[in-house]
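Here is a short tour for anyone who likes to read a structure through its contacts. Keep the viewer open while you read.

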Amino acid sequence: MPRFSIIVPCFKVQGFLRECLDSVLEQSFRDIEVIAVDDRSPDACGEILDEYAARDPRVTALHLPENAGLGRARNAGMPHATGDYLFFLDSDDTLTPGALAALADRLDEAGDPDVLVFDYARTYWWGGTRRNALAELLSATDATFTAAERPEILDLLMVVWNKVYRRAFVEEHGFAFPPGYYEDTPWTFPVMLSAGRIATLDRICLNYRQRRQGNILSTTSRKHFDIHDQYERVFAFVGSRPELASWLPYLHRKMGEHCLDILSKPDRLPPADKGEFFRRTAELMRRHRPAGEPFPADLGVLRGPYAAYRVRRQAGRAGRELARRGAQARAAAGARALRGLTAVQARRPLDPHLVLYSAFSHRGVLGDPAAVYRKAREIAPQLRGVWVVRDEETAARLPEGVEHVLLDSPAYRRLSARATYFVNNVNWPGSLVKRAGSVHVHTHQGTPLKYMGADLLDKPGARLGVDVPQMLRRADRWDYSLVANEHSELVWERAYPCHFTSVRSGSPRNDVLVDPPRDRARAVRARLGVPEGHTVVLYAPTRREYRRGGHVERLDLARLAADLGEGHTLVVRLHPSLATGPARGMGLSELHRRGVVVDATDEPHVEDVLLAADVLVTDYSALMFDYANLDRPIVVHADDWPAYTASRGAYFDITAEPPGHVTRGHDDLVRLFASGSWRDEESARLRAAFRSRFCAYDDGRAAERVVRTLLLGEPMPEPGAAVRVPGPAVGGDLLAAR
């Protein structure tokens, strides 16, 4: 008996069907059967199914004598299912790599629940990807539950394909799909309300394809009236089970919201039929209103005539247009006021003790600016340091005692007009006007391996969404550019042809790596939950410009953690640009919850994560230059180096001049660790050469050097005087004229 019976109904999807089937059959988890149902498709779907069935015994192809529709095609597949769990997969969607293994593991962990709800991502025809907005509901608990215990689970998209169902549970209750559109509705509500044990999996297991054309529900037709019959079926089911009567108010509201949502869509109903649809919805709401329950206030429009609904809709559109124009007017007035404020402030002298700090687009006290700030508080308390943060949520996470202002607030405008010093690792907003006498210190975000700034002009994929001329105009405000090595100095002058002075200061954030505080690494490892005595392998992948969204899974994390063996803890830190996207939902969050790996992406200070690691495995992340200061082993996993350099560009070949051994595939990496070669003499020799080249100015006093020489104007005591190297003078904005 297979673990999963995957039922795939097929109708007019020949262009997507192979990708769908391949995503299932190429899964690492093999204990499955695929029941593919040709719903009398007029294209080549039937032939494709026969082809797959002939070459893979796990595939059964069914051919219906006539077109039955999506729901009945699923029903046709169910009697042939022998698996423990049913999985209804639409034939234009795909499974993500490792999805079935993750589902099987979670089912085992949860003790075979009736229903397992998992996460998905919308994948758009133009290449974009968006994760389910309510994914946090899937990580709220590890325990099983009922819908009554956690009713918010019903807020998730009520479809059939984001769940797997215990087959015995489905057969016991006789669940089946009705004909017509919206067939998921009278399946999902009865199933979820009847389930005695529901579990969740916080992992993206399915890519939900958003087709440009051909989506049935985006077809203008009277078939959308089927929604009324589908809710009649839901109420009939609940009405036959007195124990579910408490759900009637919820379902009543849900029905009204769902129907009004369909009515509001411009591509669903023929315009001439919208009035009839409204009236049928209103009648259904009156008929199924629970006794003694008030009519939902926010659905009150359904108690009046269709004409009133239309007036309200038109008024809403007009109100939104007025709001848009009002926002434009307010923005214009604000800009005029800002210019006036700036003009007034510009007549006041600069405050010689005021320093504005920002890091990573105003995300908090982080990186090099944070190291400079802390050192300034220690040795120059007369300086007033104020952090610019992007919103109140970020402000609430600031350490106690940190003075801050919100970006674009009146306080920010006042202070930015008076500050003498500005310290940032990202360009300040274009609205900030640099006053004569002010000093801008740009720290960057590490030693560059991949192309930056003006060098992106020849890499159209890498500069997608990046306005290089605007970037350079903002960089024209830099007075000083901090560098940790000669390589960085040369690159920044090429990538940012502006009027700054390079300062051979070292990287302030790396001071803690050159001279780590006593027992800090041990404290970090304890916070991350690393067992005493374990070897910590830190995996830090970077983003890929050849894939929209930047995330490409280069390694199977669960497999790598297992292959590393006992006594090892695999810690993963994603690139910051991937931290809030689908990348973590592709398995990292779930593996962290299960204790297979440690997800350190949210650790605010990357230096702490580096201190906790015994070895760094990375592809092309700039973290390798920082980690080299610790003089610990580094492994470069370069399985896609040609593709990476072709899309992003690199200043040198890291595979030819690496900080340690280079691997090209999973097995190569595992063999390196199994043999112990990751820390052999060759690794040490390569690392020594790398450190000599890229850690030349990091001596543990970079932050002090910046504060004393750039903020206080003092000479830096030996050793390690700050050397300033004026950059080339470039007249005019050459790029803007191109």
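The text below goes from the domains to one interface, then to salt bridges and strand pairing.

Please keep in mind that this is a predicted model. The protein chain is divided into four parts: domain 1 (4-216), domain 2 (219-324), domain 3 (338-510) and domain 4 (513-699).

**Where domain 3 meets domain 4**

Let us start with domain 3 and domain 4, whose C-alpha centres lie 28 Å apart. On the domain 3 side 30 residues take part in the contact, and on the domain 4 side 32 residues do. How much area is buried between domain 3 and domain 4? The value is about 2500 Å², with carbon and sulfur atoms giving 53% of it. Within domain 3, the residues that lose the most area to domain 4 are Leu449, Lys450 and Asn510; together they account for 33% of what that side buries.

Polar links are found here too. The rule finds 16 residue pairs in polar contact across the interface of domain 3 and domain 4, counting pairs with both residues at pLDDT 80 or more. It also finds one salt bridge across this interface.

**Salt bridges**

A search of the whole structure gives 60 salt bridges. Among them is the pair Arg222 and Glu276, with the closest N and O atoms 3.0 Å apart. Arg222 sits in the loop between strand E9 (198-210) and helix H7 (226-239), while Glu276 belongs to helix H9 (residues 274-287), so this pair ties together parts that are 54 residues apart in sequence. Another salt bridge joins Arg509 to Asp626, again with a closest N and O separation of 3.0 Å.

**Strand pairing**

Strands of a sheet pair through backbone hydrogen bonds, in either a parallel or an antiparallel way. The table lists three parallel pairs from this model, each with one pair of facing residues.

| Strands | Bridges | Direction | Facing residues |
|---|---|---|---|
| E17 (residues 535-540) and E18 (residues 568-572) | five bridges | parallel | Val537 and Leu570 |
| E10 (residues 351-358) and E13 (residues 419-424) | five bridges | parallel | Val355 and Tyr421 |
| E10 and E11 (residues 384-389) | four bridges | parallel | Leu354 and Arg384 |

In the table, strand E10 is paired with E13 and also with E11.

Strands E17 and E18 belong to an open sheet of six strands with parallel pairing, in the order E19-E18-E17-E20-E21-E22. Which strands form the edges of this sheet? They are strand E19 (598-599) and strand E22 (662-663), each pairing on one side only. Helix H18 (residues 557-564) lies across E17 and E18, and the helix runs at about 155° to E18.

Definitions and conventions:
Residues numbered from 1 in each chain as written. Predicted model: local features only at pLDDT ≥ 70, side-chain atom pairs only at ≥ 80, totals over all residues. Heavy atoms only, no water. Pairing = 2+ DSSP bridges. Helix = DSSP H or I, 4+ residues; strand = E, 2+ residues; numbered from the N terminus. Contact = heavy atoms within 4.5 Å. Axes fitted to C-alpha atoms, helices over the stretch in contact; angles between N-to-C directions. Domains from an automatic or database assignment. Buried area = accessible area lost by both parts, 1.4 Å probe. Salt bridge = Lys/Arg side-chain N within 4 Å of Asp/Glu carboxyl O. Polar contact = N/O pair within 3.5 Å; in protein donor to acceptor, adjacent residues only side chain to side chain.
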